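Reader: Could you take me through the structure shown here, so that I can follow how its parts fit together?

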Amino acid sequence: VPLAIAYISFEALHDVQRARRIAKGFLKVNQTNLKLWNQYARGEAQNSNLEEARRVCELMLMTTTSDDA
């Protein structure tokens, strides 16, 4: 996961749309990884896309919260 986060961060410096696609791709195969979700949400916030960052956080909570909580 640290390598995936580094890759997303690198791409975000050059191409935000590509970084977003990469983050979504990693999350498709690892939906419960909070670090990946956090990186995706932070990237959106850093690009002044606050509504999308909020949406990502909401999805993170719905996806990673267990029924036992």
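The questions and answers below go from the core to the helix pairs and then to single residues.

Reader: Before we begin, what kind of model is this, and which limits apply to it?

Author: Residues are numbered from 1 along each chain as its sequence is written, and side-chain values use heavy atoms, with hydrogens and water left out. Local features need a pLDDT of at least 70 and side-chain atom pairs count only at pLDDT 80 or more, while totals for chains, interfaces and linings use all residues, since this is a predicted model.

Reader: Which elements give two or more residues to the largest nonpolar core?

Author: A nonpolar core is a set of buried Ala, Val, Leu, Ile, Met, Phe, Trp, Tyr and Cys residues joined through side-chain atoms within 4.5 Å, where buried means under 20% relative accessible area, exposed over 50% and partly exposed in between (1.4 Å probe, protein chains only). The largest such core has 13 residues, and I8, A23, L27, L36, W37, Y40 and V56 touch the most other members. Helices are DSSP runs (H or I, at least four residues) numbered from the N terminus, and the ones that give two or more residues to this core are helix 1 (2-14), helix 2 (16-29), helix 3 (34-46) and helix 4 (50-64).

Reader: Why do helix 1 and helix 2 count as antiparallel or parallel?

Author: Axes are lines fitted to C-alpha atoms, for helices over the stretch in contact, and angles run from 0 to 180 degrees between N-to-C directions; angles under 35 degrees count as roughly parallel, over 145 as roughly antiparallel, 65 to 115 as roughly perpendicular and the rest as oblique. Helix 1 and helix 2 pack at about 160°, with axes 6 Å apart. The pair is therefore roughly antiparallel.

Reader: How do the residues in the contact of helix 1 with helix 2 divide by class?

Author: With contact meaning heavy atoms within 4.5 Å, A4, Y7, I8, E11, A12 and H14 of helix 1 meet V16, R18, A19, I22, A23 and F26 of helix 2. For the classes, Ala, Val, Leu, Ile, Met, Phe, Trp, Tyr, Cys and Pro count as nonpolar, Asp, Glu, Lys and Arg as charged, and the others, Gly among them, as polar. On that basis the contact of helix 1 with helix 2 has 9 nonpolar, 1 polar and 2 charged residues.

Reader: How is helix 1 oriented to helix 3, parallel or antiparallel?

Author: Helix 1 and helix 3 pack at an angle of about 10°, and their axes are 10 Å apart. That angle makes helix 1 and helix 3 roughly parallel.

Reader: Which residues of helix 4 meet helix 3?

Author: Helix 3 and helix 4 pack at about 165°, their axes being 7 Å apart, and the two are therefore roughly antiparallel. From helix 3, the residues in this contact are L34, W37, N38, Y40, A41, E44 and A45. Their partners in helix 4 are L50, E52, A53, R55, V56, C57, L59, M60, T63 and T64.

Reader: Is V56 buried or exposed, and what is its relative accessible area?

Author: V56 lies in helix 4 and, leaving aside neighbours within four places in sequence, is in contact with W37, Y40 and A41. W37 in turn touches L27, Q31, T32, V56, L59, M60, T63 and T64, not counting residues up to four places away in sequence. V56 is buried, with a relative accessible area of 0%.

Reader: Where is S48 found, and what is its phi near?

Author: S48 is found in the loop between helix 3 and helix 4 and is exposed, with a relative accessible area of 65%. Most residues other than glycine have a negative phi. S48, a residue other than glycine, has a positive phi, near 60°.
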